[in-house]
Amino acid sequence: MQAKKRYLLLFSAGACLVLLFCFGGIQVPLSRRGPSRRDDRSLAGYHPGARWRPLPGYLQPFSPWEQDRGDDLNEHISPRQKRDTLSGLYTGKRCRMESCFDFSLCERNGFKVYVYPQQKGEKLSESYQNILSSIEGSRFYTPDPGQACLFVLSLDTLDRDQLSPQYVHNLKAKIQSLPLWNGGKNHIIFNLYSGTWPDYTEDLGFDIGLAMLAKASISTENFRPNFDVSIPLFSKDHPRTGGERGYLKHNTIPPYRKYMLVFKGKRYLTGIGSDTRNALYHVHNSEDVVLLTTCKHGKDWQKHKDARCDRDNTEYDKYDYREMLYNSTFCLVPRGRRLGSFRFLEALQAACVPVMLSNGWELPFSEIIDWNTAAVIGDERLLLQIPSTVRSIHQDKILSLRQQTQFLWEAYFNSVEKIVLTTLEIIQDRVLLHTSRSNLMWNCLPGGLFTLPQYSTHLRDFPFYYAKLGIKPHPKFTAIIHVVTPLVSQSQPVMKLLVAVAKSQYCAQVMVLWNCDKPLPAKQRWPATSVPVIVIEGESKVISSRFLPYDTIPTDAVLSLDEDTVLSTTEVDFAFTVWQSFPDRIVGYPARSHFWDSNKERWGYTSKWTNDYSMVLTGAAIYHRYYHYLYTTYLPASLKTMVDQMSNCEDILMNFLVSSVSKLPPIKVTQKKQYKETMMGQSSRASRWADPDHFAQRQTCMNKFASWFGTMPLVHSQMRLDPVLFKDQVSILRKKYRDIERL
C-alpha cells in the first residue's frame, strides 16, 4: 500500500513538471552565446532561436504560431524584432541575391532597368525626380518592362518620416497594387530618411518584401550583405549631373592646415544621437581642435536647454563653418538622430579627412570602397582618444587620405547621377559576376563608372593601370584613315598619307574606313605597303562609325586620321613615342581650345593658334582603343545621333569623353607650320571645313555636350612636347627625328 502511494506521488510530481515546462514555467536555455554579426552575415538563413542551420533564402513558416514559438525560445530578442516579425516586416530579412533575386530576367536582355510610369496625382520630391531622371538617362534604362532585369518604383520612398511633408501616405496599398510588384522581387527601393521621433528606427512603414534597399544611414545590423546598397545622405540641393570638383587644388607639403580637427553642428539634449555630441566639449580646445555645438534649434529649445547651452551658442557663433571646413586637416563626422550625416559628403569635397564617429553605420558603397584609404574610422566610446589618434597619423598618410577623398568624391558622390549609377553598377556586378570589377578598379582612377568590365576583366587591357602593373602598352599602333571622298587619282592626299603611315616602324596595320557614297575601289587601286591594309565599309556611312570598337584592331594604340591630313613618317613616329608615356590621353597635332563667353553666357570654340589649348582633334591623333568602346557604349544615343546628323563634332565629343575620364588635358606634339586641312572637292562632305555653318555647329556642340556631362570636362594646357635637341644649333645628323625641323 505504501509503495502504491509513493508511485502515485512521483507520477503526480512528474506530471506537474511536464505541465510547467509546456506552459513556460520552466525555460531551458538553448545557448549562452548569441550569434555574432559575422555569423549573421555568413549564414543567409539565421533567425533567432534556430538550432539548425537552415537552407539559404526565406522559407515561409508552416503557421504563424511556429514563428512565434521560435521567437519565444530566445530570451534575448528585442521587442522591436518581435513587432517586426508579427507585422510581416521581417519577410525579406534574410534575403541575398541567390535567394531573393530572379537572375533569369537578366539573361535574356542583359542588365536593363525599368522605371514605373508616374501615377496621376502622385507628387515626387525633387531628389527622387533626380534619381528617376538619372536612371532614365542611363544606358541601363529600358521603357519595356518585358526586357527589364531590375524595377524602380515611381512612388516616392525617399522620406519615410511620418512628420515630414514629403511623406507619402498609404504607400503599402499603392505598392501592393502594382501588377509587376511580385512580392518585391527584382525591385530596388531608394530611401534617405526612415523612422521618426523619438526612436528613428529604420522601418519604412511598409513591407518591402523581397526588394533590395538602396538606403542612407543604414546600420550594419539591418544591412543585408550582397543584397542591399548603402548610399550617402545627400541634400535636395545636390546637383543631378556634373557636380563640383573637389577643393584640393594642389598638394601642400606638409599637408597640415590651420586646424587639426573641426566640427560644427546641432547638439541634441535628449534622445537618440545625443550622447556623442553632448560629450564633444570635452575635447574642444579652441585652438587646433574646434568642436562646436548649439542647442538653438527646434521650436522649444529654450524650454529644454541645459546649463551649457548659452556658452555653447556664443562659441558656436564665433566661427564660420565653411572657413573651418576648408582649413582643417580632419573633420569629425558624428552621428545625428540617424547614423548618416550631411557632414560626410561635405568633408569629402573639402579634402578634409572624415573621422567617422557613428558606431554601427554601414558606410556608403562599403561593398566596393575601401574606406580605410580615405577616412579614419573612430569609436563613439573612445571619443577622448580621437585627438591623439589623428595627431599620430604621419603626414604621408594624411596626404594619401586627402587625395583619396578627392578621387572618391568626384568618381561616385558629387552628383545624384553618380550615386545612382554607382548603385546600379554594383548590382550589375552581382548579377554578371563573371564580368565584375576588381577592387582596384573601384578604388583607383578613373573609378568603376569608367572602367567597364564588359570590355575586359583584365587590368592590362585598360590604359589606366600600366604604371601600377609595371607594364607598357603594345609597341605598335593601328592607323584608321577615315575616307569620305572617292578615289580619283594616285596623287590624292589620302594615298600619300597611307604610304607615309605604313612606313612607320611602329605601324602594325592600316585600316581604311570607307564612308564614301561610291562603291569600294578595287584592291589594286591601293598602293603596295609593307604592312597589311584593310578596307572596311563604314556602318550606315555615319561619322561616328570611325569610333566603333572594331575587332580588327589588334593593338592598344589607334592612330586616327582624316583623309586630308598631311603627316610625314617622322611625325607619326614621334607622336607614337610620346603617346607611350601618356597612354590614357589623346596625343596629336591639331589643337583647339574652348572658352567661356560671358556676354552670351555660353561656351565658345576657337581654332586660333595660341599657347593655350584644351583639345587635340582626332584628324591626326593617337589614343587607346578602349576609348572606342567607351564612345560606343557609354555615351548616349542622343549625342551620337546629333553628331551623325551634322557630320560634325565627333572629334570634340571624343575629347570631352577622354578628358572626363582622365581629368587631364590632351598632349600636343610639335606641329609643322605648313600643317593644314586641305580643302577638297566642294561637292563632297570633306568640304565641311569650308562650310560657314561648320564653325557655328561646333559652338552648338560644345554647349550640348557640356549640358549632358553636367560640367565642362575639358582642361586647358600650355604644354607642347618636342623631340630632344629640337631646333638646337647642332648638326641635324645628331638628331633622332631629323625631318621634323625641315618641314
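**Exercise 1.** In this predicted model, determine which strands helix α7 lies across and at what angle the helix runs to β1.

*Solution.* Begin with the helix itself, which spans residues 126-136. Next, look for the strands beneath its path: α7 lies across β1, β2 (150-152) and β4 (187-191). Finally, compare the directions of the helix and of β1, which gives an angle of about 135°.

**Exercise 2.** Work out the strand order of the open sheet that has 5 strands, and identify its edge strands.

*Solution.* Reading across the sheet, the order is β1-β2-β4-β6-β7, and the pairing is parallel. The edges then follow from asking which strands pair on one side only, and these are β1 (113-115) and β7 (229-230). At the β7 edge, the neighbouring strand is β6 (residues 212-215), which runs parallel to β7 and is joined to it by 2 bridges. As for individual residues, Lys-215 has Ser-230 in β7 as its bridge partner.

**Exercise 3.** Describe the second largest pocket by its volume, its lining and the parts of the chain that contribute to that lining.

*Solution.* The volume comes to about 1200 Å³. The lining consists of 31 residues, and those that lie nearest the centre of the pocket are Tyr-200, Lys-266, Tyr-268, His-297 and Arg-337. Sorted by character, the lining holds 11 nonpolar, 10 polar and 10 charged residues. Turning to secondary structure, β8 (259-266) and α10 (301-304) each contribute at least two lining residues. At the level of domains, at least three residues come from domain 1 (81-230) and at least three from domain 2 (259-410).

How values were computed
Residues are numbered from 1 along each chain as its sequence is written. This is a predicted model: local features need pLDDT of at least 70, side-chain atom pairs count only at pLDDT 80 or more; totals for chains, interfaces and linings use all residues. Side-chain values use heavy atoms; hydrogens and water are left out. Two strands pair if DSSP finds at least two bridges between them. Helices (H or I, at least four residues) and strands (E, at least two) are DSSP runs, numbered from the N terminus. Contact means heavy atoms within 4.5 Å. Axes are lines fitted to C-alpha atoms, for helices over the stretch in contact, and angles run from 0 to 180 degrees between N-to-C directions. On a 1 Å grid over the protein atoms alone, a cavity is a set of points where a 1.4 Å probe fits but cannot get out, and a pocket is an open set with protein on both sides within 12 Å along at least five of seven lines; lining residues have an atom within 4 Å of a point. Grid points are joined across faces, edges and corners, and a volume is the space filled by probe spheres set on the points. Ala, Val, Leu, Ile, Met, Phe, Trp, Tyr, Cys and Pro count as nonpolar, Asp, Glu, Lys and Arg as charged, and the others, Gly among them, as polar. Domain bounds come from an automatic or database domain assignment.
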